[in-house]
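Visitor: I have a model on the screen and would like each label on it justified. Please go through the terms and show how each one is earned.

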Amino acid sequence: MDNRQSTGPGGESNGAWVIDEATCTRCGICVRACPEAVVALEGGRLVLARPEACTYCAVCEEICPVGAIALAYAIVWDEASTESHGDR
Ligand code: SF4
Ligand code: SF4
């Protein structure tokens, strides 16, 4: 079993961050931007091809034009900037 997990309708997650597939336009920008080739377009949908390789650099989250990728630690930081989560 790989460590891909469904996060609801069309969502994909490695447990630490989530792709909102309802929002994702499959533009492929994050696929090209990810330095570790973690995200990939497969069969017309965005998947975590190598979730174990993610360095949580947040490049994908920052570059996505529609905000479809959310790193969990970034959301926590955004909502409560006093909290620091080192969780991966
Ligand atoms: S956080 Fe960085 S390494 Fe992980 S999927 Fe996004 S761009 Fe790739
Ligand atoms: S950059 Fe955003 S909209 Fe484009 S494929 Fe990646 S998650 Fe989807």
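Guide: What follows is a set of questions about this predicted model, each settled by a value and a cut-off.

Visitor: What is the overall make-up of the chain?

Guide: The chain has 3 helices and 6 strands. Along the sequence they follow the pattern β-β-β-α-β-β-α-β-α.

Visitor: How confident is the predictor, and where is confidence lowest and highest?

Guide: The mean pLDDT of the chain is 76, and 62% of its residues reach 70 or more. Strand 1 (residues 5–6) is lowest at a mean of 38, and helix 1 is highest at 96. The pLDDT is below 50 over residues 1–9, a stretch that still has 14 contacts in the model beyond near neighbours in sequence.

Visitor: Why is Ala 68 called buried?

Guide: The cut-off for buried is 20 or more other C-beta atoms within 10 Å. Ala 68 has 21, so Ala 68 is buried. Its place is the loop between helix 2 and strand 6 (69–71).

Visitor: What does Ala 68 touch, leaving aside residues up to four places away in sequence?

Guide: Ala 68 touches Ile 19, Asp 20, Thr 23 and Cys 24. Its C-alpha atom is also separated by 7.0 Å from that of Glu 21, although the two residues are 47 apart along the chain.

Visitor: Why is Arg 26 called exposed?

Guide: A residue is exposed if 12 or fewer other C-beta atoms lie within 10 Å. Arg 26 has 12, therefore Arg 26 counts as exposed. It sits in the loop between strand 3 (17–19) and helix 1 (29–33). Its phi is positive, about 60 degrees, although Arg 26 is not a glycine.

Visitor: What makes Ala 58 partly exposed?

Guide: Partly exposed covers the counts between exposed, at 12 or fewer, and buried, at 20 or more. Ala 58 has 13 C-beta neighbours inside 10 Å, so the label is partly exposed. Ala 58 lies in the loop between strand 5 (45–48) and helix 2 (59–63). Ala 58 also has a positive phi, about 75 degrees, without being a glycine.

Visitor: Why is Cys 54 labelled partly exposed?

Guide: Cys 54 has 18 other C-beta atoms within 10 Å, and because buried needs 20 or more while exposed needs 12 or fewer, Cys 54 falls in between. Cys 54 is found in the loop between strand 5 and helix 2. The C-alpha atoms of Cys 54 and Cys 34 are separated by 8.8 Å, with their positions 20 residues apart along the chain.

Visitor: How do you know that strand 4 and strand 5 pair?

Guide: Pairing requires at least two bridges. Strand 4 (residues 39–42) and strand 5 have 4 bridges in the antiparallel sense, so they pair. Val 39 has Leu 48 as its bridge partner, and Glu 42 stands opposite Arg 45. The hairpin has 2 residues between the strands, and Gly 43 takes a positive phi near 55 degrees there.

Visitor: Which side chains of strand 5 are buried?

Guide: Leu 46 and Leu 48 point to one face and are buried, while Arg 45 and Val 47 point to the other and are not.

Visitor: Which residues touch the most other members of the largest nonpolar core?

Guide: Cys 30, Val 39, Cys 60 and Ile 69 do, in a core of 13 residues. Strand 3 and strand 5 each supply at least two residues of this core. Beyond residues up to four places away in sequence, Ile 69 touches Trp 17, Ile 19, Cys 30, Cys 60, Glu 61 and Cys 64.

Visitor: Which residues surround the ligands, and how do they divide by class?

Guide: Around ligand 1 are residues including Cys 34, Cys 54, Cys 57 and Cys 60. That shell has 9 nonpolar, 1 polar and 1 charged residues. Around ligand 2 there are 13 residues, of which Cys 24, Cys 27, Cys 30, Cys 64 and Ala 68 come nearest. The shell of ligand 2 divides into 10 nonpolar, 2 polar and 1 charged.

Visitor: What share of the chain is buried?

Guide: Buried residues make up 19% of the 88 residues.

Terms used
Residues numbered from 1 in each chain as written. Chains lettered and ligands numbered in written order. Predicted model: local features only at pLDDT ≥ 70, side-chain atom pairs only at ≥ 80, totals over all residues. Near = placed C-beta within 6 Å. Nonpolar A, V, L, I, M, F, W, Y, C, P; charged D, E, K, R; others polar. Contact = placed C-beta atoms within 7 Å. Core = buried A, V, L, I, M, F, W, Y, C linked by C-beta atoms within 7 Å. pLDDT = per-residue confidence, 0-100.
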